[in-house]
Amino acid sequence: MRIIELNKRQETILQIVKDNGPITGEQIAERLSLTRATLRPDLAILTMAGYLDARPRVGYFFTGKTGSQLLTERIKKLTVKAYQSIPVVVNESASVYDAICTMFLEDVGTLFVVNSESYLVGVLSRKDLLRASMGKQDTESIPVSIIMTRMPNITTCKLDDYVVDIANQLINKQIDGLPIVKEVNVGGETKYEVVGRITKTNITKAFVQIALDEFY
Ligand code: ADP
């Protein structure tokens, strides 16, 4: 299986390197009766896609990796940073009614709750808000702080975490998304600033992008 469609010349180059590597760009060009400059884009594609590796003063050699190995490697390397969304937060003193309005207006399924210093204190899901509005009490008089899932029981992640690990956590914990946080030390205590959001939708987008990406 090839993860990128190689053209005829790229397939030929790959074969030359497989049979003769390490081999320099000049030598490959000679064998094909082409100039080094003509070959440069093909060599760049083959190297970037992971089929070939290049060592200075040695030349190109075949990595021996199959298309599916390269695809797996690429998926494993995806980080949260590239697929995140903007987080939507409410203050812990906001009412359940306000939170419901925010959820509709911002069109998100999860809200993050912050305190007056803007540090993460809780999470609100659609069902948390539905449950709270099923009771007899007026939703305008219930603060979100009493119905939210609170710290330290919040699963968080960082910008450089791997998307695959996050997907695993969402499955295992049966939740829809995670706040992306930055740790800050305040007087010896660790606090969390909310800097982003990663959800099942983001991960689905990553999956589609890889599938439709022509280069890989
Ligand atoms: P829903 O409740 O609408 O199905 P989720 O599956 O995301 O949405 O949430 C399930 C429960 O887990 C809710 O009570 C919610 O507060 C909590 N929750 C959601 N995200 C997190 C998280 N990142 N860490 C801890 N708890 C969470």
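Reader: Which pocket does the ligand occupy in this model?

Author: The structure is a predicted model. In such a model, a pocket is best read together with whatever fills it. Here, the largest pocket is the space taken by the ligand. Strand E5 (120-125), helix H7 (126-134) and strand E7 (177-186) are the elements that give two or more residues to the shell around the ligand.

Reader: How many residues surround the ligand, and which are the closest?

Author: A residue belongs to this group if one of its heavy atoms lies within 4 Å of the ligand. The ligand has 15 such residues around it, with Ser125, Asp128, Thr149, Thr155 and Asp176 the closest. By class, the shell consists of six polar, five nonpolar and four charged residues.

Reader: Which atoms of Ser125, Thr155 and Gln174 lie at short range from polar atoms of the ligand?

Author: One reads a polar contact from pairs of N or O atoms within 3.5 Å. For Ser125, a polar side-chain atom is 2.7 Å from an oxygen atom of the ligand. For Thr155, a backbone N or O atom lies 2.9 Å from a ligand nitrogen atom. For Gln174, a polar backbone atom is 3.2 Å from a ligand oxygen atom.

Reader: How much of the ligand's accessible area does the protein cover?

Author: On its own the ligand has 540 Å² of accessible area, and the protein covers 84% of this.

Reader: Where does UniProt place the feature "domain: CBS"?

Author: An annotation should be read alongside the fold of its segment. The unreviewed UniProt entry places this feature at residues 83-140 and 148-214. Over residues 83-140, the chain is 36% helix and 24% strand, with its end C-alpha atoms 35 Å apart.

Notes
Residues numbered from 1 in each chain as written. Predicted model: local features only at pLDDT ≥ 70, side-chain atom pairs only at ≥ 80, totals over all residues. Heavy atoms only, no water. Polar contact = N/O pair within 3.5 Å; in protein donor to acceptor, adjacent residues only side chain to side chain. Areas by Shrake-Rupley, 256 points an atom, 1.4 Å probe, with all protein chains shown as cover. 1 Å grid on protein atoms, 1.4 Å probe; cavity = no way out; pocket = protein on both sides within 12 Å on 5 of 7 lines; lining within 4 Å. Sits in = over half its atoms within 2 Å of the grid points. Helix = DSSP H or I, 4+ residues; strand = E, 2+ residues; numbered from the N terminus. Nonpolar A, V, L, I, M, F, W, Y, C, P; charged D, E, K, R; others polar. UniProt positions renumbered as here; feature names shortened; annotations may be inferred.
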